[in-house]
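Student: I am new to this structure and would be grateful for a close look at one part, the surroundings of the ligand. Please set that part in the context of the chain.

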Amino acid sequence: CGQCLVNCPFGAPQDTVDVVDKVIDKLKNKQVTVVGTIAPAVRVAIGEEFGMEPGSLVTEKMYGAMKQAGFKVLDTNFTADQTIMEEGMELIAKIRHYALGEPSEHHLGPLPQFTSCCPAWVRYAELYYPELLPNMSSAKSPMMMAGALGKTYGAKEIWKVDPASVFMVGVMPCTAKKFEASRPEFNSAAHYWQTQGKSGSYPDIDVVLTTRDLARLFKKLNIDIKTVAEFSDKDNPLAQYSGAGTIFANTGGVMEAALRTAYFVITGKELDVLEFKPVRGLKGVKEASVTMKDAKTGKEVTLKVAVAHGTKENVKPLLDEVKAGKSPYHFIEIMNCPGGCVNGGGQPINPMGTSWLDKAKAVLPWS
Ligand code: SF4
């Protein structure tokens, strides 16, 4: 996880520099443009590290603290919207082909489609259900999209700096995101710059700070989230986002956001309230069904979707059903942590004495 500085019980190579000090060094270097990409779940949790109530939404204070520390911001909510568009369009292509019988010129993965933004879930599938990897959405996670965007469009059009000087910091509720950032395949900015005649490695994300790491960084720089001047960054196009991007942090959020996009594109209408019901016999799994009428052909299709959180306890029976070809679902969201990213491994460790369920309830009115 990158946090053990002395003895990793699993023998991982040791990084002797604290990741927080590494980022502070970059922030002090005027030749480097340090960009923080902040996940939705961080802004409802970091206040706890500064004595605020669990669930306090501190977006403008966090932006103010990031500015004071010297970060530029590319909000992960912005790229969560992009992920939703990508996943939604991928799902639409499959619905049109498999459920509405339209021909397709492209190779489409099978249904059900799985969400792919949780690196712990992706790794679990790689190790224990490799035969289901073709079902995984091909969209990469919002953090990795933010990294590629920051080192291409952001460097060129927003900060107007050499892309090699951009240092992308993922600020995440999640320790698994440190592993995701280290995967060598996530260097799409390098592919782009190669086409422009620039060589270099350009990893999409250079370093991941968890919510606790970011709190530690602010404390080292004597910045207090409670008292810092608020900042909205409203002129920054990379800090704009919809409500869909925001609900990414919650279990069911990725599913609902992508499904709303698919529904709108197919029917031309907005989806009403989406009601999830617990699936009998499968703890921690909820399902919903949505009937859509194709605005072009008038054909109707009823989509069944499921959301599951807590990989170890809840997901296996759902995957065994898919493997056996008996799954009734078209789209399945899986988040490793109970309640979703709001309860990720990088979040504050209960400084207010609240349970994970209390924290989830503070930000999930329907939980
Ligand atoms: Fe990370 Fe947990 Fe969110 Fe998965 S559900 S991305 S492991 S915080």
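Tutor: The domain bounds used here come from an automatic or database domain assignment. The model itself is predicted. In that assignment, the chain is divided into domain 1 (19–79 + 141–242) and domain 2 (81–139 + 244–363). Taken over C-alpha atoms, the centres of domain 1 and domain 2 are 26 Å apart.

Both domains contribute to the surroundings of the ligand: domain 1 and domain 2 each supply at least three residues of the shell. The residues around the ligand are, from the earlier part of the chain, Cys118, Ala120, Pro173, Cys174, Ala176 and Lys177, followed by Met335, Asn336, Cys337, Gly340, Cys341 and Gly344. By character, this shell comprises eight nonpolar residues, three polar ones and one charged residue.

One of the residues in the shell, Met335, also leads to the strands, since its number falls in β9 (331–335). Strand β9 belongs to an open sheet of five strands, ordered β3-β9-β8-β7-β6 with mixed pairing. At its edges are β3 (113–114) and β6 (277–278), each of which pairs on one side only. In general, the strands of a sheet pair through backbone hydrogen bonds, either parallel or antiparallel. Here β7 (residues 285–293) and β8 (residues 300–309) are antiparallel and share nine bridges; Thr291, for example, has Thr302 in β8 as its bridge partner. Across β7, β8 and β9 lies helix α10 (residues 253–267), which runs at about 10 degrees to β7.

Methods:
Residues are numbered from 1 along each chain as its sequence is written. This is a predicted model: local features need pLDDT of at least 70, side-chain atom pairs count only at pLDDT 80 or more; totals for chains, interfaces and linings use all residues. A residue is near a molecule or strand if its C-beta atom, placed from the backbone, lies within 6 Å of it. Ala, Val, Leu, Ile, Met, Phe, Trp, Tyr, Cys and Pro count as nonpolar, Asp, Glu, Lys and Arg as charged, and the others, Gly among them, as polar. Two strands pair if DSSP finds at least two bridges between them. Helices (H or I, at least four residues) and strands (E, at least two) are DSSP runs, numbered from the N terminus. Two residues are in contact if their C-beta atoms, placed from the backbone, lie within 7 Å. Axes are lines fitted to C-alpha atoms, for helices over the stretch in contact, and angles run from 0 to 180 degrees between N-to-C directions.
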